[in-house]
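Let's walk through this model together, beginning at its metal site and then stepping back to the whole chain. Keep the viewer open as you read.

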Amino acid sequence: MPRRSVTDRLRSGEVLLMDGGTGSELQRRGVEVLLGSRGDKLGPWSATANLDAPDVVQQVHQDYLRVGADIIISNNFRTTPTRLAPVGLGGRWKEYAEAGGRLAVRARDAINPEAYVAGGMAAPGLGMLNDRTETDVAIMGEEYGREFAEHSKVLAATGVDVMLPEFVNYIADCVAAVDACAEAGRPVWLGVPMVTTEGITRNGETMEDLAHALRGHPVQAILLMCSRPEAVSATLPRLRQAFDGPIGAYPNVGYNPMAPVGGRVHLGPDIISAQSASPSQLAQYAEEWIEGGAQIVGGCCATGPEHIMAMKVVVDAARRAKAPRAS
Ligand SMILES: [Zn+2]
């Protein structure tokens, strides 16, 4: 575990660099991440890589640490019973979850013992429900929190420093996720996905309502994630106004092509041209967000070490600007 806690560093106003996409980077390196995927519906995504390609998972983490990431997110996005069950691996979820935590901790210990590992967990899976108006927690009841709590405890035992429930959709789900993940006894950050250029969530909920609902709940930081950079720029100022704690962002720059899925190859844009922002463009966004109060910046889908390497330049500049000047 790092000598100085991430809580202290955030409290002191420091800006921290997060890693970029893990699942999309594994896909780019030729690891199967589409088991059980159909059309644009993902299966357990990169979860299976923890046992099928552990060396590549650890290498991705190490590459992010080598270009300067202070925080890496473990490959646990969908290492849960509800996400692994559809491919017949529900009964083995703990093996996949533990391996994800351990690989990230091992990479951290090997490359930069002062870095932090966030245990990143998506919300429990509900199958193929689309166009829902009910929240996940309303549909799943206690089962929703139970999966987050059990997943968090498995990850805490592997040595991760922070719990990061991410891609949590409705405000009611965010509150339940934060409460459940806190049971593992680590600080909890929340990743809110797919905000819009109107400055709200994709379900039309506001940052004010989100922050209000989370008041008194154990959330240390709120991050806008897997959203387009311009949507982060529209929404982050509203989050800054609404929430007193540390804020941050790790946007996507598009999605890798999903081919081949469903037994045939779907040709889309290739991986590089699918990126909606170049490394230096994303770094310019990060500079703007840091000026607007973001303390954690990184990337989500389709970002790679090259994006994080570019963001390191602006994070370092922000640190120099804040550091006390020698006289
Ligand atoms: Zn993403």
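A good place to start is the zinc ion, which is coordinated by the SG atoms of Cys226, Cys300 and Cys301 at 2.2 to 2.3 Å. Keep in mind that you are looking at a predicted model, and that water is not among the atoms, so the site may look incomplete. Along the chain, the donors follow the spacing C-x73-C-C.

How accessible are the two neighbouring donors? Cys300 has 12% relative accessibility and Cys301 has 17%, so both count as buried, the cut-off being under 20%.

Now zoom out to the fold. The chain's secondary structure comprises 13 helices and eight strands. Contacts across the sequence are a helpful next view: among those with a separation of 6 or more, 78% join residues that lie 24 or more positions apart.

What about overall dimensions? The C-alpha trace spans about 65 × 40 × 40 Å along its principal axes. For 327 residues, a compact globule would have a radius of gyration near 20 Å, so the chain's 18 Å agrees with that expectation. Burial can be read for the chain as a whole too: 57% of the 327 residues count as buried.

Finally, turn to the surface and the charges. The accessible surface comes to about 13,400 Å², with 51% of it belonging to carbon and sulfur atoms. As for charged side chains, there are 31 positive and 38 negative ones, and the centres of these two sets lie 4 Å apart.

Note on methods: Residues are numbered from 1 along each chain as its sequence is written. This is a predicted model: local features need pLDDT of at least 70, side-chain atom pairs count only at pLDDT 80 or more; totals for chains, interfaces and linings use all residues. Side-chain values use heavy atoms; hydrogens and water are left out. Donors are N, O and S atoms within 2.8 Å of the metal (3.2 Å for Na, K and Ca); water is not among the atoms, so sites may look incomplete. Buried means under 20% relative accessible area, exposed over 50%, partly exposed in between (1.4 Å probe, protein chains only). Helices (H or I, at least four residues) and strands (E, at least two) are DSSP runs, numbered from the N terminus. The radius of gyration is taken over C-alpha atoms; the globule rule is 2.2 Å times the number of residues to the power 0.38. Contact means heavy atoms within 4.5 Å. Accessible areas come from the Shrake-Rupley method with a 1.4 Å probe; for residues, only the protein chains shown count as cover. Lys and Arg count as positive and Asp and Glu as negative; His and the chain ends are not counted. The place of a charge is taken as NZ of Lys, CZ of Arg, CG of Asp or CD of Glu.
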